[in-house]
Structure formats: structure tokens, C-alpha cells
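Visitor: Can you take me through this one? I'd like to start with how the chains touch.

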Amino acid sequence: MKKLKLIIEGMHCASCASNIEKSLKNTRGIKTASVSLMLKRGTVEAEDSVREEEIRKAVARAGYKLTKIE
Amino acid sequence: MINRKHKHEEPEDAEITSWKKKLILSWILTTPIVITMLSERLFDFQLIKMPYSSIVILILAFPVVFIFGWDTIKGGIRGLFTFYFNMDSLISLGTIVAYTTGVFYFTGVVQDYSGVAAMIMAFFTTGKYVESKARGKASQEIKKLLQLGAKMSRVLRNNKEIEIPIEEVKAGDVMIIKPGEKISTDGVVVKGESSVDESMVTGESLPVDKVKGDNVIGATINQDGILYVKATKIGRDTFLAHIIELVEEAQGTKVPIQKLADKITSVFVPIILTLSILTFLSWWYFSGDLSKSIGVSVAVLVIACPCALGLATPTALMVSSGMGAKRGILIRKGEAIQTMKEVKIVMFDKTGTITKGKPEVVGIYSKIKQQELLNIVGSLEKLSEHPIAKAITARASLKKYKKVTGFKVLRGRGVEGKILGEEILVGNRTLMNERKINIKDFEKKIINYEDKGNTTMIVVKNKKLIGVIAVADTIKEDSIIALNILNKERYRTIMITGDNERTANSIAKQCGIKEVIANVLPEDKAKKVEELQRFGFVAFVGDGINDAPALKQANVGIAIGSGTDIAIEAGDLVLAKSSLIGVVQAIRLSKATFKKIKQNLFWAFAYNIIAIPLAVAGVLHPVVAEIAMALSSITVVTNANLLRRTKLK
């Protein structure tokens, strides 16, 4: 398991944050996801096998841009 | 740190600036539309002859909806196709439908709503601008905290002072901090004396004196002397970095009351879309008026506001975190804010929480020569890390220690070991009982100390009493004030301690605490919390290191400590300044925040429950609906900002 911090661009409403959460949670290997609209950040707990690219895609699927993973 | 800072600062400001730009451009084009439409509607005066006015409006409205509003339209349409609906989906559908009527107007079948489309988009943009500003305000303290770290540092390398970026500072570097400068990272003073303003990190308003050997916190401000500080922690390991991490994580935690709102937010948009279609169909079916049906269904689309619901909790939590951080109160779990309301019992650990946690020897009673007693006890206690042991070692301040064999720490009771073949036991009553040592001879002396609130350590050599050492830990001055407030507010205040009853009762009396649970071994504290939970929700206040299990067991765990000493990972709330006033403030802040969250959720629900039926009923013009929608989310964020007016003490 690893914990990743995401910095996300383009959110401007509450349903944005919940959409990203939903999309992340639907990604295989991601256990928990929480996204804060206020800080434009998110945290995911994912299995080690999850690649950054998959997380990036999950965020993009909901229509937003992942600018950085820490 | 520098990178982090930029990443934080820019998106928010960029968002505000971009809304502002769109807002200005939108209104430049929308204002003539409004004038044309109003003069027609209200004064029946045509500024531009029909049908040219419709063409002009259609042309003016196009950029407002499709160019300045492109991000919204794009996001919204995309959402409709990918089923990740959001706010934009509603607005874009509403404006596109409205705009399209303008095109079909020339076929003569519908009323022209294209001007309305521009107005909806312009008001939406305005609302978003105001809202993003208010959101920025809500997070201002936290953002300040995120930017607190020093950027540069002056270090000594090869006996030369050089300024380097903070990232290049290594642990072990000696930093030179002049008066008025920020201490660049956590470290220990190696030379110099000064006082340091730590308020930005710990909330402690008085400057703290620092001399050689003292720890200093990065990002605090040196006041009057030059300090030479050896860097001990850098980058992600610093105290500030930990605080920031904690605050950020807290924003991601959920307050339970928010769950319903979150659930609704996630299904809100599809429900409204369906409702809007149904509204359109039934209006058309029953009234046969296509234009009116379109107008009403557009109003339904744009009035619905998931934002107010979704923002209600996070904005309040954000403002609250900021207010707390300023006072050294860190909210780790949003849940604690809700739980705090139910707390009936506040339980305090004694040492280091109610008292200063720096015990001193205040009395020695010895049957043998006092120095002899100190030689024995000092040598033995030297090997223990316990605060009382340290106090005794300090008092003995031996130059030469005796050799100790078979040393053992008896947790919560004392220590034992052999010195020159003689069995030495130093400990409290519990230990004496356990070893069946009769303390009758010393009883009076011991009681005398205990009545004063001292902790007594009984010294035994070969099962015979040889002395008593009394140790006292001073009560923090503001503990008394804080407990007084809590008692007045009808909390059941309880002190828990490993001390015996007499000592504990004396301390309790001095500080005004109502109940005492004495003779508790450290590992049993959590169990005591559990027992008390039968009577109601318990908040436990303790140091986070020894009390971690108790903090966890409690409904709300409040970890307390001074500066870098706190175990920041323990507790639902963390107090960075070692004052019980912080507990009072934390309780008040939590309660006020929860009240604010409830208010916000109430307004958000009430708004949608009232406004949506009105829109369905066709009594609201789409533009009025959009204004109402924008106002509802602005209200929620502004209301959250009003939390700042709460008096915490």
C-alpha cells in the first residue's frame, strides 16, 4: 500500500470533487480516495502496483487535470 | 518547500483571475442585451427594430455563452457524455437550450431565449467569481501556514557565512539567525541567547526564551539576540511540515453529518436533468405552450445548486482549521468536530498536562546520611528516563555514580537494582505493597508530603526503609482558569494519574478539578477511559506519547504538548501550545464549527427544497433562478467565513 498526494486543477464546484473521488475509487487498486475542493488536493491509498498513469487517467476521466503526484 | 508553496498559491489565484476576466467580458456584451430586452419588455420600446434586435442579441450572446463560458460548456457537455455530471452540466445544458431558441425563433415556433442564455452565463460567472473569492478567504489562514517556511538560510560553511536556499541546508549545518529573522528550520541552539516568537506555529503569544541547548522550531521568528542554531530536522521532517501535512489531511476527512449532503450531491445532477425533462414534457403536454415549457425547464436546470450542499461542510471546516491553526489548535479529524458536541466528560492526564511536567525534588527525609541516600538513589535513577527519576538525578547531581547491577524499571511504580550487593528499591506505595514492605514508620512523613500534593518515592535497602524523597510538579497557572471554565460549563472534569490518592486529591483541589482517578498504571489509562464511556462521551487530554492508547480510546483525543515535543500523530485534535486554555478553545471552536456546518446544510437543503418546486411550477424566470442559485452558494461560503466572529476566549 502506498499513500499518494494529488494536486488537481480545474475543480470549481462540489460535484467536481465527488466526481473525481468516484472515478478514483473505480480504479482498480485504489482503496480510498478523498479530494478537497478547498485545497485543490486529493489523497489516495493505493496498492503498490497502481501506476501514476492510471491515477492520472482516472482524474482525467472525470474531466480534470492532475498536475502533480507526491 | 518552495515548490509546495507555489503549487498552493497559484491555482486559487488563477481561478479568481480567470473568473474575473470572464465576468468583465461577459458583462460588456450582456449589458446591451439586458438594455435591449428590458426596454422591449418594460417600456415596449424597440431600440432596434425586430427582427434585427434578435439577430443582434444572438450575435452578442454567442461569445458570452460559447467563448467566455467555454470551459463551463466543455466541462458540462463532457460530463453529460461520460456520466460524470457536475454543476457545469446543468448550466451548459440550460444555456445551450436557451441559446438555440434564438436560432429557431426565426422559424416562428418559439420565443427567443438567447439573451437569457447570455444573462444566465454572465450571472453564473459572477457567482463563481464571488464564490471563489470567498473560498479563498476561507482558506487564507491555512494558506499563510503553507507559506510560512523560510526560503533562504544563512549557514556557516568553512567558517564563512553564506546564504543558501533552504533545500540545500543539511542536518548538522549551523545556521546564523539575526534578530528579526526567521529561523530557517528546526534545530538546537548551540550559541547565543534570545527570545523567539513561536506564535505562528504554536499559538503561544508570549516569546519563548532560548539559550544554548534549547530546541527551536523552523519558521518562528528570532526576536532580540543572535542565535547559532544547529539544524536537526529538514524538509519533510520539520515540525512545520508535519503540521501542514496534518492540516491538509484534515481537509480530506469527513464530518459524518456531511454524508447525506455528499450522497445527494453525487446523484443531484442526474436527478435534476430528469426533473427538467419531465417538467418540460408535462408543461408542454398540459399547456401546449412550447416557449413557456422551454423557459420553465431551463429555470429548473439552472436553479438547482449542488454547490451549496457540497460547500457547506468543507468551507466551514476550512475556516475552522485556519482559526485553530492560528491558536495552535490543529484539527486532525473532521469527525471530532461533530463528536465534541456530545462530550460530557473531560479527562486529563496529570503530569505534563495539568502540571508543567517538570518535577523537582522538594523534600528529602533520610534515616541515613542524606548524601549517602542521594548517592544510592541518584545512581539508580540515573538509569531511568522517567521525569521523576530525572528530577531525582538532577537533585543528587552526583559526580561519580555507583555501579548498579540487575537494574529494572517497574512501570508506574519505581525502579530496582543492586548496588554493592545490596538490594535497592525506589518506588511508590503500590510498589511497597506489592513487595510487602511495611512503611508504617514513615507513614506520617509520607502523608505530610502527599497532603501537599507531592509525589513520594520511598527508598528501601534490603527490605528496610531508609528514606523518602518528595517530588513536586508545579501546576500550570492557566490550568486553574481552564478547569474553572470547564466546570462552569458543566463538564465532568476528571484527573487521571499514577499518583496515589492523597497526592492526587491535593493537586486536584489546587487546580479545581472535580474527580480523581489515582493509582492508575500508564497502560490502564485507556481502560479507565472505556469504563467512563458508559456515562457519556469522553474527551481525553494527554501528552500523546504515553497516553496514545487513551487518546485513541476516548471519543475525542486531545494531544497536548509544547512545540516540537508533541506527538502529532496521536489524538483527533492536537494542541501545539502546552496550555489547557487551548482545550477550552478547542472545545468552543469545535462546537461553533459544527453549529456553522449545521446552519449551512440547513440553508443549502432549504434553498433547494423551496427553489426547485418553484422553478418547476414556472413562477421563476430563468434569469432569476440563476441569480438565486449563485446567491445560495455565495451565502453558504460567506456564512462559513462568519465563523471567524466566534469568541474562543
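Visitor: How many residues does each chain give to the contact?
Guide: Chain B gives 35 residues and chain A gives 29 residues, where contact means heavy atoms within 4.5 Å. This is a predicted model, in which local features need pLDDT of at least 70 and side-chain atom pairs count only at pLDDT 80 or more, while totals for chains, interfaces and linings use all residues. Residues are numbered from 1 along each chain as its sequence is written, chains are lettered from A and ligands numbered from 1 in the order in which they are written, and side-chain values use heavy atoms, with hydrogens and water left out.

Visitor: How much area do they bury?
Guide: About 2,600 Å² between chain B and chain A, with 57% of it on carbon and sulfur atoms. Buried area is the accessible area (1.4 Å probe) that two parts lose on being put together, summed over both.

Visitor: How many salt bridges cross the interface?
Guide: The rule finds six between chain B and chain A. A salt bridge here is a side-chain nitrogen of Lys or Arg within 4 Å of a carboxyl oxygen of Asp or Glu. Lys40(A) and Glu15(B) form a salt bridge through their side chains, at 2.8 Å from N to O.

Visitor: Which element gives the largest share of chain B's side?
Guide: Helix 1 of chain B, with eight residues on the side that touches chain A. Helices (H or I, at least four residues) and strands (E, at least two) are DSSP runs, numbered from the N terminus.

Visitor: Switching topic. Which way do strand 1 and strand 2 of chain B run?
Guide: They run antiparallel: strand 1 (residues 152–157) and strand 2 (residues 160–165) of chain B are joined by six bridges. Two strands pair if DSSP finds at least two bridges between them. Met152(B) has Pro165(B) in strand 2 as its bridge partner.

Visitor: What lies between those two strands?
Guide: Two residues, in a hairpin; Asn158(B) in the turn has a positive phi of about 50 degrees.

Visitor: And the seven-strand sheet, what is its order?
Guide: In chain B the order is 10-22-21-20-11-18-19, an open sheet with mixed pairing. Its edge strands, strand 10 (329–331) and strand 19 (515–517) of chain B, each pair on one side only.

Visitor: Which strand does strand 21 of chain B run parallel to?
Guide: Strand 22 (residues 573–575) of chain B, which three bridges join to strand 21 (residues 556–560). Within this pair, Ala559(B) is opposite Val574(B).
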